Amino acid sequence: MKTRNGKRAGKWKRVRLGFYSLLVLAALLALVSGASAQERGQVLVLTFKGAVTPILNSYMERGILAAEAHGAEALILQLDTPGGSAEITKEISQRMIQARVPIVVYVAPARAHAGSAGTFITLAAHVAAMAPGSSIGAASPVTGEGEDLPETLMKKATNILVADIKNLAKRRGEKAVEWAARAVEEAAAATADEALELGVIDFIADDLDDLLQKLDGFEVEVGGEKRILHTAGAPVEHLTMNPFEQFMNLSLIHISEPTRLGMISYAVFCL
């Protein structure tokens, strides 16, 4: 049985414990606030290699939400893809256009591709860049097994995709629009140098550091508002895919091409 003094001592012990707990909580909140303040103005970098599937959609959604929440200066998607689902590509493109943060698609490293669906995603970005030796294009529609569509369906799919890609490319000028239409109708492709000359992309960058230097001072339009990018010397944070996304993406990379296409969607871009 506790004495009165013992009860009093126990009471003050609980008070002190509660007080110290509040101090610890306040310190943690201060650290979080400080971290959030430091994160503002950072550049968030996502890196993806593989087919355009719901995995990329999930990864991009997480990246955009994180970039918006932290007031990031820009979100960079380093992309290397042979193509993928038309439906998923449309969802990703729409989300990119609606984003409240500037999005940069960087086709890299050297010899990377923004093939097929990747062409649409690159054109949907506020800024597009490519590494030397990379390529873009070849966006004609095919079936989920990689075969040609029936004639009538092929005509419908092509017309829709041409209209979509023209809308994405129109802010880049007439040459870019013409080439984008040919990328769907004729499976046209371009090197980084050709894409830059056509106005399909804004920069050729050797690596991420070079890209950040070239982006600095570049004007973009986000949600109808003009913004000037300040990326030189900006803190960079890499957001990797979570374990589930990594596992699923790796699984799709290592299965056979026809099987992967069949798993992705009925209508995909050519690979």
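## Terms and overview

A nonpolar core is a set of buried Ala, Val, Leu, Ile, Met, Phe, Trp, Tyr and Cys residues joined through side-chain atoms within 4.5 Å. The term is used below for a predicted model.

The protein chain has 271 residues, and 46% of them count as buried. Its secondary structure comes to ten helices and 13 strands. Among contacts in the chain with a separation of 6 or more, 71% are accounted for by residues 24 or more positions apart.

## Confidence

The average pLDDT of the protein chain is 83, and 76% of the residues score at least 70. Residues 1–9 have a pLDDT below 50, and this stretch has one contact in the model beyond near neighbours in sequence. Over residues 15–38 the pLDDT stays under 50 as well, and the model has one contact for them beyond four places in sequence. Where pLDDT is low, the predicted coordinates should not be read in detail.

## The nonpolar cores

The largest nonpolar core holds 55 residues, and Leu56, Met96 and Ile121 touch the most other members. Helix 6 (residues 174–185) gives the most to this core, with seven residues. Apart from it lies another core, of 19 residues, including Val43, Val104, Ala131 and Leu211. In soluble globular proteins, nonpolar side chains tend to be buried together.

Met96, one of the residues of the largest core that touch the most other members, is in contact with Met60, Ile64, Ile103, Val105, Ile121, Ala124, Ala125 and His126, leaving aside its neighbours within four places in sequence.

## Helix 2

Helix 2 covers residues 54–69, 16 residues in total. From its first C-alpha to its last it reaches 22 Å, close to the 22 Å expected at 1.5 Å a residue. Its buried residues are Ile55, Leu56, Asn57, Tyr59, Met60, Gly63, Ile64, Ala67 and Glu68. Two of these names, Met60 and Ile64, also appear among the contacts of Met96. Just after the helix, Gly71 takes a positive phi of about 60°.

## The parallel sheet

Six strands form an open sheet with parallel pairing, in the order 9-5-3-2-1-12. Strand 9 (203–204) and strand 12 (236–238) stand at the edges; each has a single partner strand, so one side of each is left without a neighbour in the sheet. Strands of a sheet pair through backbone hydrogen bonds, either parallel or antiparallel.

Strand 3 (residues 103–107) pairs with strand 5 (residues 127–130) over four bridges, in the parallel sense. Val107 has Met130 of strand 5 as its bridge partner. Helix 4 (residues 117–124) packs on the sheet, where it touches strand 2 (74–80), strand 3 and strand 5. The direction of helix 4 makes about 160° with that of strand 2. Strand 2 and strand 3 run parallel and are joined by five bridges; here Leu75 has Ile103 of strand 3 as its bridge partner.

## Strand 3 and Leu79

Five of the five residues of strand 3 are buried, so this strand is largely enclosed by the rest of the structure. Ile103, Val105 and Val107 point one way, while Val104 and Tyr106 point the other way.

Leu79 is found in strand 2. Its relative accessibility is 0%, so Leu79 counts as buried. Not counting neighbours within four places in sequence, Leu79 is in contact with Phe48, Leu56, Val105, Tyr106, Val107, Ala108, Ala112, His113, Gly118, Ile121 and Thr122. Leu79 and Met130 are 51 residues apart in sequence, and their C-alpha atoms are 9.3 Å apart in space.

## The hairpin of strands 10 and 11

Strand 10 and strand 11 form a hairpin with two residues between them, and Gly223 in the turn has a positive phi of about 60°. Strand 11 covers residues 225–228 and pairs with strand 10 in the antiparallel sense over four bridges. The bridge partner of Val220 in strand 11 is Arg227.

The side chains alternate along strand 10 (residues 219–222). Val220 and Val222 point to one face and are buried, whereas Glu219 and Glu221 point to the other and are not.

## Asp210

Asp210 lies in helix 8 (residues 208–215). Its relative accessibility is 19%, and buried means under 20%, so Asp210 counts as buried. Not counting residues up to four places away in sequence, Asp210 touches Ile204 and Ala205.

Conventions
Residues numbered from 1 in each chain as written. Predicted model: local features only at pLDDT ≥ 70, side-chain atom pairs only at ≥ 80, totals over all residues. Heavy atoms only, no water. Buried < 20%, exposed > 50% of the residue type's maximum accessible area, 1.4 Å probe, protein only. Contact = heavy atoms within 4.5 Å. Expected span 1.5 Å × (residues − 1). Pairing = 2+ DSSP bridges. Axes fitted to C-alpha atoms, helices over the stretch in contact; angles between N-to-C directions. pLDDT = per-residue confidence, 0-100.
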